[in-house]
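I opened a fresh page for this one. The plan was to look up the overall build, then the cores, a helix, the rings and a few odd backbone angles.

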Amino acid sequence: MTHDHRPEVLRYTAFSADPAGGNPAGVVLDAAGLDEERMLAIAAELGYSESAFLTERTGEGAYTIRYFSPKAEVPFCGHATVATALALAERDGPGALEFTTPAGPVPVSVVREDGTLLATLTSVVPHVEEAAAADLAEALAALDWAAADLDPALPPRIAYAGARHLVLAAATRGRLADLDYDFARLEALMRRLDLTTLQLVWREGPEVFHVRDPFPVGGVVEDPATGAAAAAFGAYARDLGLAPEAAVLTLHQGADMGRPGTLTVELRAGDPRIRVSGTGTRIG
């Protein structure tokens with residue numbers, strides 16, 4: 001039994017340099033003595049959308065990492081990955097890291113720019129698939145959105161870059177801002193489709209998007225800044241030809257929750273993987 005192990009639990013926010021912005025995550029840099037029950041209990045006690053646990057050091061800058069929401073383990077979490085990388089960089093200095101996640105290997109580089117640490121994760125190989133009409137109808141019903149609320153230029157898809165997300169594009173910024181959904185109904189659909197979040201987007205310009213991520217399967221209404229969904233959205237944008245083969249997209253998230261953050265999504269020619277960058281800071 002591992003309950004006697006009392007690890008240090010750090011608190012970081014990712015995708016904002018302001019402790020009151022971005023997405024907070026718990027970070028445990030030494031979780032080798034923790035079992036799943038204890039990790040889940042720590043995540044639930046913190047109440048953040050996810051917390052990250054380094055369960056093993058496998059080499060220089062290489063770690064096995066696991067992610068827990070207050071309700072369950074998740075295969076990949078971008079903002080907790082960034083938070084963990086920044087915590088390691090503050091302890092050990094910037095550089096290259098390699099995280100072995102349940103979804104696969106995720107390299108992360110941390111650099112210091114103008115005195116600020118910036119982390120860039122590289123996703124697993126993504127894929128994009130059609131969303132079934134019946135599932136789309138159920139998602140819209142749970143959101144209380146009409147079909148006319150969708151942007152026809154950005155059709156619904158399920159996108160994966162470590163976790164599965166249903167991408168739905170709002171026709172207006174106002175539609176995106178007015179989020180009041182049926183928690184239980186959406187959670188049931190997401191569990192059936194093995195979705196981590198819904199990636200709700202509104203396109204402000206060719207490379208600028210505003211996004212929101214309902215996260216009922218994690219036990220929270222909304223995720224403030226979602227790196228895994230940002231990576232999935234990069235794959236979505238490439239698959240639909242919304243961005244050139246090499247592009248940098250800016251995603252604004254969290255403003256409607258009072259926790260604004262910025263995620264930078266990079267597509268590189270010849271590399272199917274998606275890179276997501278952001279800053280962050282320790283809380284408290």
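**Overall build**

I checked burial first: 57% of the 284 residues in the protein are buried. Buried here means under 20% relative accessible area, exposed means over 50%, and partly exposed is in between, with a 1.4 Å probe and protein chains only. I noted that this is a predicted model, in which local features need pLDDT of at least 70, side-chain atom pairs count only at pLDDT 80 or more, and totals for chains, interfaces and linings use all residues. Residues are numbered from 1 along each chain as its sequence is written, and side-chain values use heavy atoms, with hydrogens and water left out.

I then looked up the secondary structure and found six helices and 18 strands. The radius of gyration is 18 Å, close to the 19 Å from the globule rule for 284 residues, so the protein is as compact as a globular protein of that length. That radius is taken over C-alpha atoms, and the rule is 2.2 Å times the number of residues to the power 0.38. Helices (H or I, at least four residues) and strands (E, at least two) are DSSP runs, numbered from the N terminus.

The C-alpha trace spans about 55 × 40 × 30 Å along its principal axes. I looked up the surface too: about 11,100 Å² is exposed, and carbon and sulfur atoms supply 51% of it. Those areas come from the Shrake-Rupley method with a 1.4 Å probe; for residues, only the protein chains shown count as cover. Of the contacts with a separation of 6 or more, 64% join residues 24 or more positions apart. Contact means heavy atoms within 4.5 Å.

**Cores**

Which residues touch the most other members of the largest nonpolar core? I found Phe99, Val108, Val110, Leu143, Leu168, Leu198 and Leu251, in a core of 86 residues. A nonpolar core is a set of buried Ala, Val, Leu, Ile, Met, Phe, Trp, Tyr and Cys residues joined through side-chain atoms within 4.5 Å. Apart from the largest core lies another, of ten residues, including Val28, Leu34, Ala43 and Phe68.

I followed Leu251 next. Leaving aside neighbours within four places in sequence, Leu251 is in contact with Gln199, Phe209, Val211, Ala230, Phe233, Gly261, Thr262, Leu263 and Val265.

Then I turned to Val28, in strand β2 (residues 23–28). Val28 counts as buried because its relative accessibility is 2%. Beyond four places in sequence, the contacts of Val28 are Pro7, Glu8, Val9, Leu34, Ala52, Phe53 and Leu54. The C-alpha atoms of Val28 and Pro7 are 6.8 Å apart, with their positions 21 residues apart along the chain.

**Helix α2**

I measured nothing by hand here; the values are computed. Helix α2 (residues 78–92) has 15 residues and reaches 21 Å from its first C-alpha to its last, close to the 21 Å expected at 1.5 Å a residue. The expected span is 1.5 Å times one less than the number of residues. Is α2 mostly covered or mostly open? It is mostly covered, with twelve of its 15 residues buried. Among them are Gly78, His79, Val82, Leu86 and Leu88. Gly93 follows α2 and has a positive phi, near 100°.

**Rings**

I counted six aromatic pairs. The ring centres of Tyr67 and Phe76 are 6.0 Å apart and the planes are at 90°, so this pair is edge-to-face. Tyr67 and Phe76 are both buried. For Phe233 and Tyr236 the centres are 5.4 Å apart and the planes at 25°, so this pair is stacked. Rings of Phe, Tyr and Trp (its six-membered ring) pair if their centres lie within 6.5 Å; planes under 30 degrees apart count as stacked, over 60 as edge-to-face and the rest as tilted.

Phe233 and Tyr236 both lie in helix α6 (residues 227–239), three residues apart, about one turn of the helix. Phe233 is buried at 0% relative accessible area, and Tyr236 is buried at 0% as well. Phe209, Phe233 and Tyr236 form one aromatic cluster.

**Loops**

Asp144 sits in the loop between α3 and β10. Its phi is positive, near 60°, and Asp144 is exposed at 60% relative accessible area. Asp194 lies in the loop between α5 (183–193) and β12 (197–205). Asp194 has a positive phi of about 55° and is exposed at 55%.
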